[in-house]
Amino acid sequence: MKTSRILLFVSFIIVLTFTGCNHVFGQSEVEPFLIMIDPGHGGRDGGTPGTGRYKTTEKHIALDVSLALGKMIESKLPNVKVRYTRKKDVFPSLNDRARVANHSDVDLFISIHCNAQPGKRGTAYGSETYVLGITKNKQNLEVAKRENSVISLEDNYEETYKDFNPNSHESTLALMLAQEDYLDHSIELASYIENEFKHTAKRKTRGVKQNIFYVLAYTYMPSVLVELGFLTHKKEEDFLNSKKGKAVMTKSLFNAVKKYVKNHAQAVSVSENSTETNSGNREITNADNLIFKVQIAASSKSLETKPYNFKGLNNVSRAKENNLYKYFYGETSNYNTIKKLEEEAKTAGFKTGYIVAFKNGKKISLTEALKTTAN
Ligand SMILES: [Zn+2]
C-alpha cells in the first residue's frame with residue numbers, strides 16, 4: 001500500500017516534470033541576466049603605469065581581473081551571461097564601451113580600473129567603487145579627470161564628446177537626471193563590492209563614491225566603476241600584480257555580483273519570461289495597446305510638465321515609479337514616429353533621451369516591443 005502510494009506520487013511528479021518541460025521548451029527560454037564587464041583602458045592606453053617598477057600597467061591588471069571574474073560568474077551562476085567591452089589588449093573608445101552595453105540590453109555594467117595618486121608621494125592606498133554623481137571632493141575629481149582623460153587619445157574626440165562636459169553644472173545635472181533611475185541599484189552593487197573588499201579580501205576600502213565618469217553617465221543600466229587599488233602605492237601595486245592578489249579581488253567581486261544577481265535576476269527572468277510568452281505565435285491585436293514614449297528625464301523632484309521646464313518641449317507627461325518621477329516626451333503606437341520624436345528631444349537638448357515601450361500600461365523592453373510590432 002505504502003509502496004504503491006509512493007509510486008503514484010513519483011509518477012505524478014514525473015508527469016508534472018515532463019509536462020513542465022514541454023511547456024518550457026514549447027516557449028522561448030528564460031532570458032539570461034546579462035553582465036557587461038569593462039576592463040579599463042587597453043591598447044595604446046596603458047592606464048596608470050603605477051610606480052614604474054613593473055612592466056605591467058593598469059590595463060593589464062584590469063583585463064586579468066575582468067576575465068577571471070567573467071569566467072567565475074559564467075561557471076558558477078547559471079542563467080547569468082557575461083560580455084566584455086574588450087577581451088584582449090585593444091583600445092575601445094569610451095563611447096563604444098557605453099554604446100555596446102546599451103545596444104546589448106545589458107542588466108549590469110562593471111568597469112574595472114586601478115587607481116593612481118598624483119605626485120610622487122605614493123601614500124594613498126585602498127579600493128574605491130564609484131557610481132555616477134556630483135562631487136566637490138578634490139581627490140574624487142582627480143580620479144574622474146584621469147579616467148575620463150583617455151578620451152583625448154581617441155581620434156575625433158572633440159566631435160564625439162562635444163556634449164560631455166563634467167565641468168558644466170547644467171551638463172552634469174542633465175546626466176544625473178538621465179541616470180537617476182539606476183542609481184539605487186548601482187549604489188547597492190557598489191556597497192556589496194566595497195564590503196567584500198573589506199571582509200573577504202581584507203583590504204583597506206575607501207568606500208562608495210560618486211563622480212562623473214563617462215562610462216557611468218552614458219550606460220543606461222545600473223553601472224559601477226571599481227578602482228581595485230593604487231598602483232602608485234608600492235605594497236598595493238605588488239599585491240595587485242600578484243596572482244594571489246588578483247584572485248582575492250576577483251573572488252570578492254564575484255561574491256558581490258552573486259549577491260546582487262540573487263536580489264535582481266529572479267525579477268528579470270520572471271518579467272522577461274512573461275513578455276517572451278506573450279510574443280509566442282499569438283496574434284498581436286490592438287488589445288495589446290502598445291505605446292512608445294521618449295524618456296527624457298527622471299528625478300526625485302516633481303516638475304510641472306510645462307514647456308518652460310523641458311527646454312520648450314510640448315506634450316511632456318510624468319509618471320511616478322518607486323519615488324521617482326519619470327518624464328516622457330510624446331506618445332504614439334508608431335515606431336517611426338517615436339524615432340522622429342526621439343530626434344526632436346535630442347535636438348532640444350535631451351541628448352540622453354531614449355525610447356521606452358509600454359504594453360497595456362506596463363513597461364516592456366524595447367526589443368520585445370519591436371518583436372510585437374514586427375508581427
Ligand atoms: Zn583607469
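The following conversation walks through the strands, helices, cores and zinc site of one predicted model.

Trainee: Before we start, what kind of model is this, and how are residues numbered?
Mentor: This is a predicted model, in which local features need pLDDT of at least 70 and side-chain atom pairs count only at pLDDT 80 or more, while totals for chains, interfaces and linings use all residues. Residues are numbered from 1 along each chain as its sequence is written, and side-chain values use heavy atoms, with hydrogens and water left out.

Trainee: What is the strand order in the open sheet?
Mentor: The open sheet has 6 strands in the order β2-β1-β3-β6-β4-β5, with mixed pairing. Strands (E, at least two residues) and helices (H or I, at least four) are DSSP runs numbered from the N terminus, and two strands pair if DSSP finds at least two bridges between them.

Trainee: Which strands stand at the edges?
Mentor: Those are β2 (80-84) and β5 (205-211); each has a single partner strand, so one side of each is left without a neighbour in the sheet. On average, neighbouring strands of this sheet are turned by 25° against each other, direction ignored. For such angles, axes are lines fitted to C-alpha atoms, for helices over the stretch in contact, and angles run from 0 to 180 degrees between N-to-C directions.

Trainee: How do the edge strands pair, parallel or antiparallel?
Mentor: β1 and β2 run parallel and are joined by 5 bridges, with Ile37 opposite Tyr84 in β2. β4 (residues 127-132) and β5 also run parallel, joined by 5 bridges, and Tyr130 has Lys209 in β5 as its bridge partner.

Trainee: Which helix lies across β5?
Mentor: Helix α4 (residues 138-148) lies across β3 (108-115), β4, β5 and β6 (223-230), and runs at about 70° to β5. Helix α8 (residues 234-241) packs on the sheet as well, touching β3 and β6, and its direction makes about 115° with that of β6.

Trainee: Staying with β5, is Asn211 buried or exposed?
Mentor: Asn211, in strand β5, counts as buried because its relative accessibility is 3%. Buried means under 20% relative accessible area, exposed over 50%, and partly exposed in between (1.4 Å probe, protein chains only). Leaving aside neighbours within four places in sequence, Asn211 is in contact (heavy atoms within 4.5 Å) with residues including Tyr130, Asn140 and Ala144.

Trainee: New topic: how many residues are in the largest nonpolar core?
Mentor: It has 71 residues, and those with the most contacts inside it are Ile35, Ile73, Ile110, Ile112, Leu228 and Leu253. A nonpolar core is a set of buried Ala, Val, Leu, Ile, Met, Phe, Trp, Tyr and Cys residues joined through side-chain atoms within 4.5 Å. Helix α6 (residues 169-199) gives the most to this core, with 9 residues.

Trainee: Where does this core lie relative to the domains?
Mentor: It lies between domain 1 (33-267) and domain 2 (283-374), because both give residues to it; the domain bounds come from an automatic or database domain assignment. A second, separate core of 19 residues includes Ile296, Phe310, Leu313 and Phe350.

Trainee: Finally, which residues coordinate the zinc ion?
Mentor: The donors are His41 (NE2), Glu58 (OE), His113 (ND1) and Glu147, which is listed with OE twice, at 1.9 to 2.4 Å. Donors are N, O and S atoms within 2.8 Å of the metal (3.2 Å for Na, K and Ca); water is not among the atoms, so sites may look incomplete.

Trainee: What spacing do these donors follow?
Mentor: Along the chain the spacing is H-x16-E-x54-H-x33-E. His41 sits in the loop between β1 (33-39) and α2 (58-76), and Glu58 in helix α2, 17 residues apart. Both His41 and Glu58 are buried.
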